[in-house]
Amino acid sequence: MVQKIEHIGIAVKDIAKANKLYTQLLGVAPYKQETVESEGVTTSFFQTGESKVELLEATKPESAIAKFIEKKGEGIHHIAFAVEDIKTEMQRLREEGFTLLNEKPKRGADNKLICFVHPKSANGVLVELCQDYTP
Ligand code: CMX
């Protein structure tokens, strides 16, 4: 079962500029910036109450973020839900007929284990499941 909205991911072209803009908008600075090479992204995180905003900039042209911006422009890229046990949730969603993008949970930014659900099986919304992970 989903616990809460963990974060909303926003695809941006220039994370340095977007950090400034979102600091003004939210009235709080990012608490972390992190590159996830395996995903081809640099991320930054803002705490907004019990949820977060994640900005994502592509680190290479073949990154999912670069493709997204090329096709749709900057904007909301995904919504992430916190789950307690990601493997159990992945199994449940598979049985419900959702298309998962990875077989097993993988390491994401901000100390999370993650799995994406394809937007085509979630009404056009890219959904991420994430579970806290202690490295
Ligand atoms: N939201 C909604 N629809 C999206 C989308 C998004 N974020 N990204 C792509 N799509 C749509 C495309 O427009 C396309 O639609 P049409 O078929 O109607 O043209 C369709 O989904 C397929 O997209 P594609 O790029 O052609 O290719 P894939 O099927 O391989 O899509 C996708 C895979 C979109 C799920 C993947 O590229 C992706 O975004 N993965 C997530 C990677 C990511 O965000 N990593 C960051 C992790 C950072 C962290 O740790 O938090």
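Is C130 buried or exposed, and what is the relative accessible area of C130? In this predicted model, C130 is buried, with a relative accessible area of 2%. The views below begin with the cysteines and then turn to strand β4 and its salt bridges.

**View 1. The cysteines C115 and C130, neither of which is in a disulfide.** A disulfide is counted where two cysteine sulfur atoms lie within 2.5 Å, and by this rule the count for the model comes to zero. For C115, the nearest cysteine sulfur is that of C130, at 11 Å, and for C130, correspondingly, the nearest cysteine sulfur is that of C115, 11 Å away. Burial of C115 is expressed by a relative accessible area of 0%, and C130, with a value of 2%, is likewise buried.

**View 2. Strand β4 and its pairing with strands β1 and β3.** Strand β4 spans residues 51-58, and because seven of its eight residues are buried, the strand is largely enclosed by the rest of the structure. With strand β1, which covers residues 2-11, β4 pairs in the parallel sense over five bridges; in this region of the model, K52 of β4 is the bridge partner of H7. With strand β3, residues 41-48, the pairing of β4 is antiparallel and extends over eight bridges, and here S51 of β4 is the bridge partner of T48.

**View 3. The turn of the hairpin formed by β3 and β4.** Two residues stand between the strands of this hairpin, and G49 takes a positive phi near 65°. For orientation beside the turn, the bridge between T48 and S51 may be located, S51 being the partner that lies in β4.

**View 4. The salt bridge between E6 and K52.** The closest N and O atoms of E6 and K52 are 2.7 Å apart. Since E6 lies in strand β1 and K52 in strand β4, the pair ties together parts that are 46 residues apart in sequence. The relative accessible area of E6 is 5%, so that E6 is classed as buried, and K52, with a relative accessible area of 10%, is buried as well.

**View 5. The salt bridge between D110 and K32.** In this pair the closest N and O atoms are 2.8 Å apart. D110 belongs to the loop between β6 (106-108) and β7 (112-117), whereas K32 belongs to strand β2 (residues 32-36), and the pair therefore ties together parts that are 78 residues apart in sequence. D110 counts as buried at 7% relative accessibility, while K32, at 24%, counts as partly exposed; the boundary that separates these two classes is 20% relative accessible area.

**View 6. The salt bridge between D110 and K52.** The side chains of D110 and K52 meet at 3.2 Å, N to O. This pair links distant parts of the chain, with D110 in the loop between β6 and β7 and K52 in strand β4, 58 residues apart. Both residues of the pair are buried.

**View 7. The network of salt bridges that includes E6, K52 and D110.** The linked residues are E6, K32, E34, K52, D110, K112 and D132. Within this region, K52 forms salt bridges with E6 and with D110, and D110 also forms one with K32. For the model, the count of salt bridges comes to eight.

How values were computed:
Residues are numbered from 1 along each chain as its sequence is written. This is a predicted model: local features need pLDDT of at least 70, side-chain atom pairs count only at pLDDT 80 or more; totals for chains, interfaces and linings use all residues. Side-chain values use heavy atoms; hydrogens and water are left out. Buried means under 20% relative accessible area, exposed over 50%, partly exposed in between (1.4 Å probe, protein chains only). Helices (H or I, at least four residues) and strands (E, at least two) are DSSP runs, numbered from the N terminus. Two strands pair if DSSP finds at least two bridges between them. A salt bridge is a side-chain nitrogen of Lys or Arg within 4 Å of a carboxyl oxygen of Asp or Glu.
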